[in-house]
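Here are a few notes to go with the model. Have it open while you read, since I go from one region to the next.

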Amino acid sequence: MSDKRQDYISWDEYFMGVAILSGMRSKDPHTQVGACIVSQDNKILSMGYNGFPTGCSDDEFPWAREGGPLENKYLYTTHSELNAILNFRGGSLEGSKLYVSLFPCNECAKAIIQSGIKTIIYDDDKYEKTPSVIASKRMLDAAGVTYYRYEHSGRKIDIDL
């Protein structure tokens, strides 16, 4: 019998790590959010990060948070959760889990519910008191989607690229 490693990372550490790493692809200078959708048997189904839709140049659309509606990023960006759902090329997401670095807004909650995702594991909930997140939680609760905050293990993972 062999002595296997005991210090391997957990599924939650692995998938939240993938979500956070995905968020690092975002070109948003203020907020980088990543998402990873996982099947019930712990297979990665899709990933996403916040950014502009395919074909919309990162250099021609605004990244600002302030200014008029057409001069800031909010009408143009696609959130990581929606990107992960739209990037999925398989059959159904029914019963899957979503790992995401920031709690989903109300618009993403609608897509999560409609796609059949049943569990959300999130890292940060810094907008918990905003109407968007309050509405999100209300809809998720009504639809029977469970969510819980990721518990940090304190493990540090270094990756040299």
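Which residues of H4 are buried? Keep in mind that this is a predicted model.

1. **The inward side of H4.** The buried residues here are Val133, Ser136, Lys137 and Leu140. Viewed down the axis of H4, they fall within an arc of 95°, so they line one face of the helix. That fits the usual geometry: an α-helix has 3.6 residues a turn, so residues three or four places apart point the same way.

2. **What that face meets.** The buried residues of H4 pack against three elements: helix H3 (106–115), strand S4 (119–124) and strand S5 (146–149). Turn to the other side of H4 and you find Pro131, Arg138 and Ala142, which are exposed.

3. **Length and end of H4.** The helix covers residues 131–143, 13 residues in all. At 1.5 Å a residue it should span 18 Å, and its end C-alpha atoms are indeed 18 Å apart, so the two agree. After H4 comes Gly144, with a positive phi near 80°.

4. **Ser115, over in H3.** Since H3 is one of the elements that H4 packs against, have a look at Ser115, which lies in that helix. Is Ser115 buried or exposed? Its relative accessibility is 17%, and the cut-off for buried is under 20%, so Ser115 counts as buried. Setting aside neighbours within four places in sequence, Ser115 is in contact with Ile85, Leu93 and Glu94.

5. **Asn42, a backbone point.** Asn42 sits in the loop between strand S1 (34–38) and strand S2 (44–49). Although Asn42 is not a glycine, its phi is positive, about 60°. Despite the loop setting, Asn42 counts as buried, at 18% relative accessibility. I'd pause on this residue when going through the loop.

6. **A nonpolar patch on the surface.** Which residues make the nonpolar surface patch of about 850 Å²? They are Ile9, Trp11, Tyr14, Ile44, Met47, Ile157, Ile159 and Leu161. Helix H1 (11–23) and S2 each supply at least two residues of the patch. S2 is also the strand that follows the Asn42 loop.

7. **Leu161, one member of that patch.** Leu161 lies in the segment after S5. With a relative accessible area of 98%, Leu161 is exposed. S5 itself is among the elements that the buried residues of H4 pack against, which brings us back to the helix in the opening points.

Conventions:
Residues are numbered from 1 along each chain as its sequence is written. This is a predicted model: local features need pLDDT of at least 70, side-chain atom pairs count only at pLDDT 80 or more; totals for chains, interfaces and linings use all residues. Side-chain values use heavy atoms; hydrogens and water are left out. Helices (H or I, at least four residues) and strands (E, at least two) are DSSP runs, numbered from the N terminus. Buried means under 20% relative accessible area, exposed over 50%, partly exposed in between (1.4 Å probe, protein chains only). The expected span of a helix is 1.5 Å times one less than its number of residues. The arc is that of the directions from the helix axis to the C-beta atoms. Contact means heavy atoms within 4.5 Å. Patches are made of residues with over 30% relative accessible area and no salt bridge: like charges are joined within 9 Å, nonpolar side chains (Val, Leu, Ile, Met, Phe, Trp, Tyr) within 5 Å. Accessible areas come from the Shrake-Rupley method with a 1.4 Å probe; for residues, only the protein chains shown count as cover. A salt bridge is a side-chain nitrogen of Lys or Arg within 4 Å of a carboxyl oxygen of Asp or Glu.
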